[in-house]
Amino acid sequence: TGTSRPQRMLKAVQKNATKGDPQSVISAIDYYCRHKEWAMNVGDDKGLILDSVLMEVNPSTVLELGTYCGYSTVRIARLMSPGSKLITVEFNPAFAEVARQIIAYAGLQDKVTLVEGSSGDLIPKMKERFGIKYFDFVFLDHWKDSYAPDTKLLEDCGLLKKGTVLLADNVICPGAPEYLKYVRNSPRYESRYYKSNLEYTKAEDGLEKSVFLG
Ligand SMILES: Cc1cc(C(=O)N2CCN(C)CC2)sc1-c1cc(O)c2nc[nH]c(=O)c2c1
Ligand SMILES: [Mg+2]
């Protein structure tokens with residue numbers, strides 16, 4: 001058996017990054033995944049778009065669906081203002097365990113609440129469990145078939161407000177056609193596609209930014 005890909009990624013962070021320095025954690029992961037072993041982090045190309053959309057919103061509350069190893073969690077939390085909160089949801093316990101360690105290595109554990117479980121189960125509990133009124137920013141990066149149902153669930157649970165920004169990864173590769181149809185045809189969203197590359201490859205992928213209009 002031996003180590004898993006996430007465990008090898010954690011080792012690369014512990015070896016090559018500086019504790020408490022989020023940028024060095026991001027660079028260590030990008031270097032490892034580009035030169036040693038591909039992994040499904042949002043990556044550096046799409047990461048720059050994520051950074052810029054995030055900075056534009058400057059959110060107080062963020063929901064991330066799909067933590068994986070915590071790469072985008074670190075990317076997002078490093079740019080968030082003091083007192084702001086990021087809740088990240090991960091279904092896979094092995095991924096969650098590695099993510100906790102990578103987030104802590106970056107020194108961002110105080111901004112981040114990592115919750116293990118299914119997004120469909122957890123979204124209706126956000127208000128009661130975490131005292132969240134609504135989210136200013138949502139990063140969808142878990143599973144393409146869950147993007148649309150989870151977006152509808154966020155609406156129904158009153159967790160979106162006028163101006164909330166949804167940013168979805170992988171709308172081209174692996175692809176989220178049902179989600180694109182939903183946000184692009186709904187009068188309740190203003191959507192735009194940011195063309196980029198699938199992480200660490202030359203293949204096309206992109207991010208869809210959708211502003212909830214209330
Ligand atoms: C697992 C996988 C394989 C992909 C691919 O086309 N490949 C060809 C090229 N080679 C190099 C890599 C593999 S793309 C992708 C993927 C990428 C994400 O960003 C994801 N984000 C969230 N949840 C996912 O399930 C998710 C899957
Ligand atoms: Mg992704």
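**Exercise 1.** In this predicted model, decide whether Phe 212 is buried or exposed.

*Solution.* The relative accessible area of Phe 212 is 4%. Buried means under 20%, so Phe 212 is buried.

**Exercise 2.** Classify the geometry of the ring pair formed by Tyr 189 and Phe 212, and place both residues along the chain.

*Solution.* Step one: the count of aromatic pairs comes to four. For Tyr 189 and Phe 212, the ring centres lie 5.4 Å apart, and pairing requires centres within 6.5 Å.
Step two: the planes stand at 55 degrees, so the pair is tilted; edge-to-face would need over 60.
Step three: Tyr 189 belongs to strand E6 (residues 189-197) and Phe 212 to strand E7 (residues 204-212), so the pair, 23 residues apart, links distant parts of the chain.
Step four: Tyr 189 has a relative accessible area of 5% and is buried. Ring pairs also bring in Tyr 182, giving a cluster of Tyr 182, Tyr 189 and Phe 212.

**Exercise 3.** Find which charged end sits over the ring of Tyr 182.

*Solution.* Lys 152 places its charged end over this ring, 4.8 Å from the centre. Another such contact joins Arg 192 to the ring of Tyr 194, at 3.9 Å.

**Exercise 4.** Identify which residues coordinate the magnesium ion (ligand 2), and locate Asp 141 and Asn 170.

*Solution.* The donors come from Asp 141 (OD), Asp 169 (OD) and Asn 170 (OD1), at 2.0 to 2.2 Å. Their spacing along the chain is D-x27-D-N. Asp 141 lies in the loop between strand E4 (135-140) and helix H8 (144-156), while Asn 170 lies in the loop between strand E5 (160-168) and helix H9 (171-175). Both Asp 141 and Asn 170 are buried.

Notes. Residues numbered from 1 in each chain as written. Chains lettered and ligands numbered in written order. Predicted model: local features only at pLDDT ≥ 70, side-chain atom pairs only at ≥ 80, totals over all residues. Heavy atoms only, no water. Donors = N, O, S within 2.8 Å, 3.2 Å for Na, K, Ca; no water. Helix = DSSP H or I, 4+ residues; strand = E, 2+ residues; numbered from the N terminus. Buried < 20%, exposed > 50% of the residue type's maximum accessible area, 1.4 Å probe, protein only. Phe/Tyr/Trp six-rings, centres within 6.5 Å; stacked < 30°, edge-to-face > 60°. Lys NZ or Arg CZ within 6 Å of the ring centre and 35° of its normal.
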